[in-house]
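Okay, thanks everyone for coming. I'd like to talk about helix packing today, so let's put the thing up on the screen.

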Amino acid sequence: MEAPSLEQTKNIQNRAYPLRAVTALVVGIIGLVIAIALSISFGVADISIETIWQAIFHYSAALPEHQVIFDIRIPRVIGAALVGASFAVAGAIMQGMTRNPLVDSGLLGLNAGATFMLAICFAFFPNIPYIYLILWSFLGAGLGVAIVYGIGSLSKGGLTPMRLVLVGAAVSALLGALGEGIALYFQIGQDLAFFYAGGVSATKWSNLQVLIPWLLLAFIGALILSRSITLLSLGDEIAVGLGQKVGAVKFWGLLIVLVLAGGAVSVVGAVAFVGLIVPHLTRYIVGYDYRWIIICSIVYGALLVVLADFLARIINQPYEVPIGALISLIGVPFFLYLSRKGGKEL
């Protein structure tokens, strides 16, 4: 098949809808603000918007409502937003670089690898500071994706989208089983239960102070790489023909993905499908320009997890439903739909 000309390539790149993208971004931001307000207001103890406003701008440690808002709910909702944005951007980058519509950090072993390393940390270094816990999560995410790509590349025919997902599922199951085995042997199942179920209830300001700089750098790096990822999504040969250093772009892109996925897992645990659902929806709305896809993925990924956390707290009060379970109710049918469709949009 003859390679597309430069003019054809530019036409492909122009399959973007700036007006729709701006509209979607504004709507997403408004929705995120409303979701954050709802998440802070409602729970076991309902709190009025006026009280929230006073707690933010006129905080008083003597008032129990202010303590609940400032010390528990605000860190929790910020953590949920950061986690959602991180998983969504990681999924968008991986889908663009690999041209694989079924890619997600939870389906490629990154989440399972990070959780496996957390099990090792809790077993051998129980009092490790949070900064080192994040570093171990990064290392585990890298281990997971390295095993998946290593095994997948040995198969005849190379890394087809479906083969990559199947290998990722197998490696995720293996690392998950190893992590659970470590938890049972060292009797740390209670500590790891949170990370396996998925949730942001334990998020604290001290955690966010460590995590936010890493994620901000990763988001900035993703936006810098966004144009190159758009070209990679057209194919390596086309990207090279347009002057892209494909190897360098993939290296930095993978590094950003490891930071985003590893950091998110260190907060929320093993939550899948956010990076699968959000990039597809934003791509459908804004087109194929990854500058818009990544920006909108930040907003809509945050919105998805904030809403999931809100529902997790109110569905079965005073108990909580794991966030991972709620998102999977959407993610599994969505994954099956994409598998049936074959990812023709990429």
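In which hand of crossing does H4 pass H12? Right-handed. Keep in mind that what you're looking at is a predicted model.

Let me stay with that pair for a moment. H4 covers residues 64-98 and H12 covers residues 274-286, and they pack at an angle of about 70 degrees with their axes 7 Å apart. That makes H4 roughly perpendicular to H12. Who does the touching? On the H4 side you've got Gly-84, Phe-87, Ala-88, Gly-91, Ala-92 and Gln-95. H12 brings Val-274, Gly-275, Leu-276, Val-278, Pro-279, His-280 and Arg-283. Sort that contact by class and you get seven nonpolar, five polar and one charged residues.

Okay, second pair: H6, residues 130-153, and H9, residues 205-232. Their axes come within 9 Å and cross at roughly 40 degrees, which makes H6 oblique to H9. H6 passes H9 in a right-handed crossing. From H6, we have Tyr-130, Ile-131, Ile-134, Leu-135 and Phe-138, and they meet Asn-207, Val-210, Leu-211 and Trp-214 of H9. By class, that contact has eight nonpolar, one polar and no charged residues.

Last bit, on H9 itself. There's a kink of about 50 degrees in H9, centred on Ser-226. What about the end-to-end length? With 28 residues at 1.5 Å a residue, H9 should span 40 Å, and its end C-alpha atoms are 38 Å apart, so the two agree.

That's me done; over to you.

Notes:
Residues are numbered from 1 along each chain as its sequence is written. This is a predicted model: local features need pLDDT of at least 70, side-chain atom pairs count only at pLDDT 80 or more; totals for chains, interfaces and linings use all residues. Side-chain values use heavy atoms; hydrogens and water are left out. Axes are lines fitted to C-alpha atoms, for helices over the stretch in contact, and angles run from 0 to 180 degrees between N-to-C directions. Helices (H or I, at least four residues) and strands (E, at least two) are DSSP runs, numbered from the N terminus. Angles under 35 degrees count as roughly parallel, over 145 as roughly antiparallel, 65 to 115 as roughly perpendicular and the rest as oblique. A crossing is left-handed if the near helix is turned anticlockwise from the far one by less than a right angle, and right-handed if clockwise. Contact means heavy atoms within 4.5 Å. Ala, Val, Leu, Ile, Met, Phe, Trp, Tyr, Cys and Pro count as nonpolar, Asp, Glu, Lys and Arg as charged, and the others, Gly among them, as polar. The expected span of a helix is 1.5 Å times one less than its number of residues. The bend at a residue is the angle between axes fitted to the seven residues ending there and the seven starting there.
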